[in-house]
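Please load the model in your viewer and keep the selection panel handy. We will go from the whole chain to one pocket and then to two single residues.

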Amino acid sequence: MVHDSYADGARLLADIGGTNARFALEHGAGRVGDVHTLACADYAYFDDAVRAYLNRLPARRVRHAVIAIANPVDGDAVKMTNHHWAFSIAASRQALGLDTLLVVNDFAALAMALPALGPSDLEQIGGGKAVASGVIGLVGAGTGLGVAGLVPVDGRWVAVQSEGGHVAFSPFDEREVAVLQHCWQRYEHVSAERIVSGPGIVLIREALAARSGLQVDASLSTADIVERGLAGSDPLCRETLDCFSGMLGTVAANLAVTLSARGGLYIGGGVVPRLGAYFAQSPFRARFENKGRFSAFTARIPTLVITAPYPAMLGAAAILSEHLADLAPIGAGSRAVAPASLPLPPLEMENDHARF
């Protein structure tokens, strides 16, 4: 059994997206282990997934927990945008026997981890150099499209929660206009998340096929399209990846200009890491730097893909640690945005397990 250096025992950490829920225990500052990934679809309720994780571990009392979730967090009621889970934070805290249950936006948690990431946790795409203590932008495509910012305030970092993935999609050229027009046949409002996401890759391919008058296999999943596109065995799948990467470049550049993110633009989410070496040669960086009168501005901003495993866990742990250090009343609801006033410790992942 792993030794817990916290006086009140190990702390439960979770990073919950629309597809997967990742759980871990923090045994001490920066010591995270017992990592497991569960499919959200396998559990009817949020509490069920938490219990399933805890029941597979050696018996121990967990008093404090923090959940980073792909959703806006405002008050006690949480209803996921890209999954059916809905729950009361207070009711779940009581049902799970916890003293503390914090629920925070997943990209706010991921943003809080960024200052602690080292060169081995990142891959820079293109040029640019970060300005020390400059505002940082964060965007990531997965089941949805996450957006956040990180602002230096009085010597510490403060995460800015955002639902920027739901802004209206902005086409760059005639091909992307055609994709948008295709989507308008189905949706009244076409957000950036609708297209620039994992499910959006399927939609892009469908739109490109319709534009070219092609009959294609509609059963291909996002993973299938990515695999064929990277292998070069399917020109339409390759075009889909090119289109997606360019669109992500537009989203990232829009965020960089909006935040004046001279501290860098970070890319998280589950899609881009799966694109491997292709992404560095994709249209992403060229599109990022193609910003009209602000092209020189975006060209100076570095874009960095997060390659660290489970990085949101680090930020969530920091938020929980500060919450407890503040001696807030036990069981005090949720906090969607929290500053970290102490340096974040390096993250040590132990006993990493695949989905069970």
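Helices (H or I, at least four residues) and strands (E, at least two) are DSSP runs, numbered from the N terminus. With that in hand, select alanine 113, which sits in helix α3. This is a predicted model, where local features need pLDDT of at least 70, side-chain atom pairs count only at pLDDT 80 or more, and totals for chains, interfaces and linings use all residues. Residues are numbered from 1 along each chain as its sequence is written, and side-chain values use heavy atoms, with hydrogens and water left out.

Is alanine 113 buried or exposed? Alanine 113 is buried, at 0% relative accessibility; buried means under 20% relative accessible area, exposed over 50%, and partly exposed in between (1.4 Å probe, protein chains only). Now add leucine 314: it is 201 residues from alanine 113 in sequence, yet their C-alpha atoms are 5.5 Å apart.

**The whole chain**

Zoom out and colour by secondary structure: you should find twelve helices and 14 strands. The radius of gyration (taken over C-alpha atoms) is 20 Å, close to the 21 Å of the globule rule for 356 residues, so the protein is as compact as a globular protein of that length. That rule is 2.2 Å times the number of residues to the power 0.38. Along its principal axes, the C-alpha trace spans about 60 × 45 × 35 Å. Buried residues are 52% of the 356.

**The largest pocket**

Next, select Arg22, Ala141, Gly142, Gly269 and Gly270, which lie nearest the centre of the largest pocket, among its 49 lining residues. Elements giving two or more residues to this lining include β2 (20–28), β9 (136–141) and α12 (311–325). A pocket here is an open set of points on a 1 Å grid over the protein atoms alone, where a 1.4 Å probe fits, with protein on both sides within 12 Å along at least five of seven lines; lining residues have an atom within 4 Å of a point. Its volume is about 1200 Å³, meaning the space filled by probe spheres set on the points, which are joined across faces, edges and corners.

**Cysteine 243**

Last stop: cysteine 243, in helix α8 (residues 235–259). Cysteine 243 is buried, with a relative accessible area of 1%. Which residues does cysteine 243 touch, not counting those up to four places away in sequence? Show Arg175, Glu176, Val179, Ile204 and Leu208; contact means heavy atoms within 4.5 Å. Finally, draw a C-alpha to C-alpha distance from cysteine 243 to alanine 318: 37 Å, with their positions 75 residues apart in sequence.
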